[in-house]
Amino acid sequence: MTARNISQFWEWGRKIICVGRNYADHAKELKNAIPTEPVLFLKPPSAYVREGSPILVPPYTGNLHHEVELGVVIGKGGTAIPQAAAMEHVAGYALCLDMTARDIQDECKSRGLPWTLAKAFNTSCPVSDFIPKERIPDPANVQLWLKVNEQLRQSGSTSQMIFSIPYLISYISDFITLEEGDLILTGTPKGVSAVQEHDELQAGIQDVVTMSFRVDRQD
Ligand SMILES: O=C([O-])CC(=O)C(=O)O
Ligand SMILES: [Mg+2]
């Protein structure tokens with residue numbers, strides 16, 4: 001048996017914990033209140049998709065949105081991790097998309113139902129190569145961008161996050177034990193918009209990584 005390598009964390013079957021409304025400009029564009037505590041939801045590990053495979057539009061949505069986000073890969077697990085020690089639990093980062101069936105999410109919100117089918121379907125978490133921690137010395141100040149068919153749609157700095165990465169790690173681990181290989185999606189800046197079959201998405205973290213994905217309709 002070969003040893004597990006954190007650089008392939010998406011194959012480990014670990015959980016994906018997502019933070020919503022962590023950028024005020026995105027909360028505003030969807031007419032949501034600015035949160036006073038992190039908004040959390042989950043994706044299953046079956047949501048991962050890697051470059052070379054398409055993002056599939058689920059048949060039940062007519063409004064699939066991109067959300068570009070910085071992902072934090074947990075290297076050392078823990079429960080009730082203090083903020084001061086939080087960064088010791090980080091192995092690295094990944095650029096991620098939180099693909100969202102916005103029409104389904106709106107319906108779930110209005111009916112008080114969970115967001116599962118809006119957020120957790122197959123291919124709802126496109127993920128870049130693993131980025132070792134040393135390559136992003138200041139994760140609180142990197143630029144994320146996303147283009148659809150060469151047109152810039154999202155561009156924002158992680159300095160705009162409402163809740164910092166150490167705060168999120170500490171907050172989440174109070175309630176949900178973090179394990180090696182877990183991924184935290186830290187929320188999206190403004191500019192989310194709909195994608196269609198045959199679109200080409202490109203995203204990047206300035207100077208660190210880029211990735212591209214094609215959109216297809218699920219048969
Ligand atoms: O669906 C939403 O708007 C919440 C979310 O994931 C985010 O803010 O990144
Ligand atoms: Mg999101």
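Tutor: Before we start, two residues count as in contact when their C-beta atoms, placed from the backbone, lie within 7 Å. Also keep in mind that this is a predicted model.

Student: OK, so which strands cover the buried residues of H4?
Tutor: Start with the helix itself: H4 runs over residues 165–175, and its buried residues are Ile-165, Leu-168, Ile-169, Ser-170, Ile-172 and Ser-173. Then look for what lies against them. The cover includes strand S1 (16–20), strand S2 (39–43), strand S6 (68–74) and strand S13 (183–185).

Student: How many helices and strands are there in the protein chain?
Tutor: H4, at residues 165–175, is one of the helices. Counting the whole protein chain gives four helices and 16 strands.

Student: What radius of gyration does the protein chain have, and why does that agree with a compact globule?
Tutor: The C-alpha trace spans about 45 × 40 × 30 Å along its principal axes. With 219 residues, a compact globule would come out near 17 Å. The chain's own value agrees with that, because it is 16 Å.

Student: What share of the contacts with a separation of 6 or more joins residues 24 or more positions apart?
Tutor: Ala-203 and Ser-128 show how sequence and space can part ways: they are 75 residues apart in sequence, but 9.3 Å apart in space, C-alpha to C-alpha. For the contacts of the protein chain with a separation of 6 or more, the share from residues 24 or more positions apart is 75%.

Student: Is Ala-203 buried or exposed?
Tutor: Ala-203 sits in strand S15 (residues 200–205). Beyond four places in sequence, it touches Val-68, Leu-95, Leu-97, Trp-145, Leu-146, Thr-210 and Met-211. Buried takes 20 or more other C-beta atoms within 10 Å. Ala-203 has 24 such neighbours, so it counts as buried.

Student: Which residues have the most contacts inside the largest nonpolar core?
Tutor: In soluble globular proteins, nonpolar side chains tend to be buried together. Here, the largest nonpolar core has 51 residues. Ala-94, for one, is in contact with Gly-71, Val-73, Val-127, Ser-128, Phe-130, Ile-131 and Leu-183, leaving aside neighbours within four places in sequence. The residues with the most contacts inside the core are Ala-94 and Ile-184.

Student: Now the surface. Is Gln-206 buried or exposed?
Tutor: Gln-206 is in the loop between S15 and strand S16 (209–217). Beyond four places in sequence, its contacts are Val-142 and Gln-143. It has 12 other C-beta atoms within 10 Å, and a residue with 12 or fewer is called exposed.

Student: What is the phi of His-198?
Tutor: His-198 lies in the loop between strand S14 (194–195) and S15. It counts as exposed, because it has 11 C-beta neighbours inside 10 Å. Its phi is positive in a residue other than glycine, near 80°.

Student: And what is the phi of Asn-149?
Tutor: Asn-149 is in the loop between strand S11 (143–148) and strand S12 (151–157). It is not a glycine, yet its phi is positive, at about 50°.

Student: How many residues around ligand 1 are nonpolar, polar and charged?
Tutor: The residues surrounding ligand 1 are Cys-18, Gly-20, Arg-21, His-26, Leu-30, Glu-67, Asp-98, Thr-100, Gln-105, Gly-187 and Thr-188. Sorted by type, they make two nonpolar, six polar and three charged.

Note on methods: Residues are numbered from 1 along each chain as its sequence is written. Chains are lettered from A and ligands numbered from 1 in the order in which they are written. This is a predicted model: local features need pLDDT of at least 70, side-chain atom pairs count only at pLDDT 80 or more; totals for chains, interfaces and linings use all residues. A residue is near a molecule or strand if its C-beta atom, placed from the backbone, lies within 6 Å of it. Ala, Val, Leu, Ile, Met, Phe, Trp, Tyr, Cys and Pro count as nonpolar, Asp, Glu, Lys and Arg as charged, and the others, Gly among them, as polar. Helices (H or I, at least four residues) and strands (E, at least two) are DSSP runs, numbered from the N terminus. The radius of gyration is taken over C-alpha atoms; the globule rule is 2.2 Å times the number of residues to the power 0.38. A nonpolar core is a set of buried Ala, Val, Leu, Ile, Met, Phe, Trp, Tyr and Cys residues joined through C-beta atoms within 7 Å.
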